[in-house]
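Hello,

The structure we talked about is below. My notes on what turned up in it follow directly after.

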Amino acid sequence: MSATLSGLVLGTPSPPVLADFYRALLGWSEVSRAPEWARIRPEDSAGPGLSFQLERDFVPPAWPSRPGGQQLQAHLDIRVDDLQAETARAVALGATVEEHQPQPDGVRVLRDPHGNLFCLFLPGY
């Protein structure tokens with residue numbers, strides 16, 4: 001097979017700002033930066049990277065989803081060793097913790113500075 005997933009792209013009103021947030025959160029390196037596109041990758045370049053694409057009319061996803069309303073299309077899952085400490089660190093970097101938390105133990109639902117959803121989770125969840 002010759003197909004390999006090389007990355008995920010998030011829409012945002014400011015690709016460099018969101019790239020800086022995830023670079024700090026994940027400890028990754030910047031690959032490219034422009035006002036309309038930015039990309040980060042793991043230090044060892046193993047696994048998919050994250051890219052950020054300019055979306056001038058970006059609307060953050062609705063959470064929780066409601067029948068007949070906007071549905072969540074995708075979110076990032078980020079495994080951590082210390083949920084409380086990493087949640088606090090994400091908030092210090094500009095994330096917000098969502099009020100609705102469907103799994104009270106082991107998982108935290110947050111929004112990045114532009115409203116994209118992501119989850120921090122402990123191993124085993």
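Phe21 and Tyr22 are both buried. Their ring centres are 4.9 Å apart and the planes stand at 85 degrees, so the pair counts as edge-to-face. Please keep in mind that this is a predicted model.

Tyr22 also forms an edge-to-face pair with Phe118, with 6.0 Å from centre to centre and 75 degrees between the planes. This second pair links distant parts of the chain: Tyr22 belongs to helix α1 and Phe118 to strand β8 (residues 117-121), with the two positions 96 residues apart. Tyr22 and Phe118 are both buried. Searching the whole structure gives 4 aromatic pairs, and ring pairs join Phe21, Tyr22, Phe52 and Phe118 into a cluster.

Next, the sheet. In which order do the strands of the open sheet lie? The order is β1-β4-β3-β2, which makes 4 strands, and the pairing is mixed. The edges are β1 (7-12) and β2 (29-34), each of which pairs on one side only. On average, neighbouring strands of this sheet are turned by 15 degrees against each other, direction ignored. Strands in a sheet pair through hydrogen bonds of the backbone, in a parallel or an antiparallel manner. Strand β3 (residues 37-41) and β4 run antiparallel and are joined by 4 bridges; Ile40 has Leu50 in β4 as its bridge partner. Helix α1 (residues 15-26) lies across β1, β2, β3 and β4, and runs at about 160 degrees to β4.

One charged residue deserves a separate paragraph, namely Arg111 in strand β7 (residues 107-111). Is Arg111 buried or exposed? Its relative accessibility is 13%, and the cut-off for buried is under 20%, so Arg111 counts as buried. Its side chain makes a polar contact of 2.9 Å with the side chain of Glu98. A polar atom of the Arg111 side chain also lies 2.9 Å from the backbone oxygen of Pro61. Leaving aside residues up to four places away in sequence, Arg111 touches ten-odd neighbours, among them Pro60, Pro61, Ala62, Trp63, Glu98 and Phe118.

Trp63, one of the residues that Arg111 touches, leads to the last point. The peptide bond from Trp63 to Pro64 is cis, with omega near -10 degrees. Pro64 sits in the loop between β4 (49-54) and β5 (76-79).

Regards

Conventions. Residues are numbered from 1 along each chain as its sequence is written. This is a predicted model: local features need pLDDT of at least 70, side-chain atom pairs count only at pLDDT 80 or more; totals for chains, interfaces and linings use all residues. Side-chain values use heavy atoms; hydrogens and water are left out. Two strands pair if DSSP finds at least two bridges between them. Axes are lines fitted to C-alpha atoms, for helices over the stretch in contact, and angles run from 0 to 180 degrees between N-to-C directions. Contact means heavy atoms within 4.5 Å. Buried means under 20% relative accessible area, exposed over 50%, partly exposed in between (1.4 Å probe, protein chains only). A polar contact is a pair of N or O atoms within 3.5 Å; within protein, one must be able to donate a hydrogen and the other to accept it, and residues adjacent in sequence count only if both atoms are side-chain atoms. Rings of Phe, Tyr and Trp (its six-membered ring) pair if their centres lie within 6.5 Å; planes under 30 degrees apart count as stacked, over 60 as edge-to-face and the rest as tilted.
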